[in-house]
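Student: I have this model open next to its sequence, and I would love a close look at one part of it. Could you walk me through how a pair of helices packs together, and then place that pair in the rest of the chain?

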Amino acid sequence: MVHEANQFDLSGRVALVIGATSGIGRTIALALADAGADVVASSRRPAEVSAIAADIRRKRRRSLEICCDVRNRSSLCGLYEKTLNTDRKSTRLNSSHITIS
C-alpha cells in the first residue's frame, strides 16, 4: 500500500494520539503529521514522548508533549483538557486499547 498524504488534508487540525510513542500509535502519529495535523503525542514515558514530538516537529508540524497514564482518570481528563485548549479543531485517536467515555 502506498501512502499518499494528499488523500486527506488535516491542516489546521490537532490530533490527539494516546500511546503515540511506539508501535501502531507512533506510526499513526507520524502519518497524521504527514497529513498536516499538529499532534498531541501522549504516553506514560517522558523520554519517548519527547522523542516522538521531535520527530513530528522535524516534519514541520507542532507537537504538544503530554505524559498521561490511561489508568488514571484525572490524568486522562488533564490530557483531554489541554488538547481542547489548543487553538484548533481537535481529532481524538486512541491506540492504547482503552475506551474513554
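Tutor: Happy to! Let's start with the handedness: helices α1 and α2 form a right-handed crossing. Do keep in mind as we go that this is a predicted model.

Which residues make the contact? From α1 come R26, A29, L30 and A33, and α2 contributes I52, D55 and I56. Sorted by character, the residues of this contact comprise five nonpolar and two charged ones, with no polar residue among them.

Now for the geometry. In general, a packed pair of helices is described by two values, the angle between the axes and the distance between them. Here α1 covers residues 23-34 and α2 covers residues 46-58; their axes lie 9 Å apart and the packing angle is about 25°. Angles under 35 degrees count as roughly parallel, so α1 is roughly parallel to α2.

If you follow the chain onward from α2, you come to a loop that leads to β3 (63-67), and R60 sits in that loop. R60 deserves a pause: its phi is positive, about 65°, although the residue is not a glycine. As a general rule, most residues other than glycine have a negative phi. Is R60 buried or exposed? Its relative accessible area is 76%, and exposed means over 50%, so R60 counts as exposed.

Next, have a look at the remaining helix, α3, which spans residues 73-84 and includes L84. L84 has a relative accessibility of 45%, which means that this leucine counts as partly exposed. Along the chain L84 is 70 residues away from V14, yet the C-alpha atoms of the two are separated by 9.0 Å.

Let's step back to the whole chain. How many helices and strands does the chain have? There are three helices and four strands, and from the N terminus their order is β-α-β-α-β-α-β. Contacts between residues distant in sequence feature here too: among contacts with a separation of 6 or more, 61% are between residues 24 or more positions apart.

Finally, the surface. The chain has 101 residues, and 36% of them count as buried. The area that the chain exposes is about 6,300 Å², with 51% of it supplied by carbon and sulfur atoms.

To return to your helix pair, keep its right-handed crossing in mind, along with the five nonpolar and two charged residues of its contact.

Key:
Residues are numbered from 1 along each chain as its sequence is written. This is a predicted model: local features need pLDDT of at least 70, side-chain atom pairs count only at pLDDT 80 or more; totals for chains, interfaces and linings use all residues. Side-chain values use heavy atoms; hydrogens and water are left out. Helices (H or I, at least four residues) and strands (E, at least two) are DSSP runs, numbered from the N terminus. Buried means under 20% relative accessible area, exposed over 50%, partly exposed in between (1.4 Å probe, protein chains only). Contact means heavy atoms within 4.5 Å. Accessible areas come from the Shrake-Rupley method with a 1.4 Å probe; for residues, only the protein chains shown count as cover. Axes are lines fitted to C-alpha atoms, for helices over the stretch in contact, and angles run from 0 to 180 degrees between N-to-C directions. Angles under 35 degrees count as roughly parallel, over 145 as roughly antiparallel, 65 to 115 as roughly perpendicular and the rest as oblique. A crossing is left-handed if the near helix is turned anticlockwise from the far one by less than a right angle, and right-handed if clockwise. Ala, Val, Leu, Ile, Met, Phe, Trp, Tyr, Cys and Pro count as nonpolar, Asp, Glu, Lys and Arg as charged, and the others, Gly among them, as polar.
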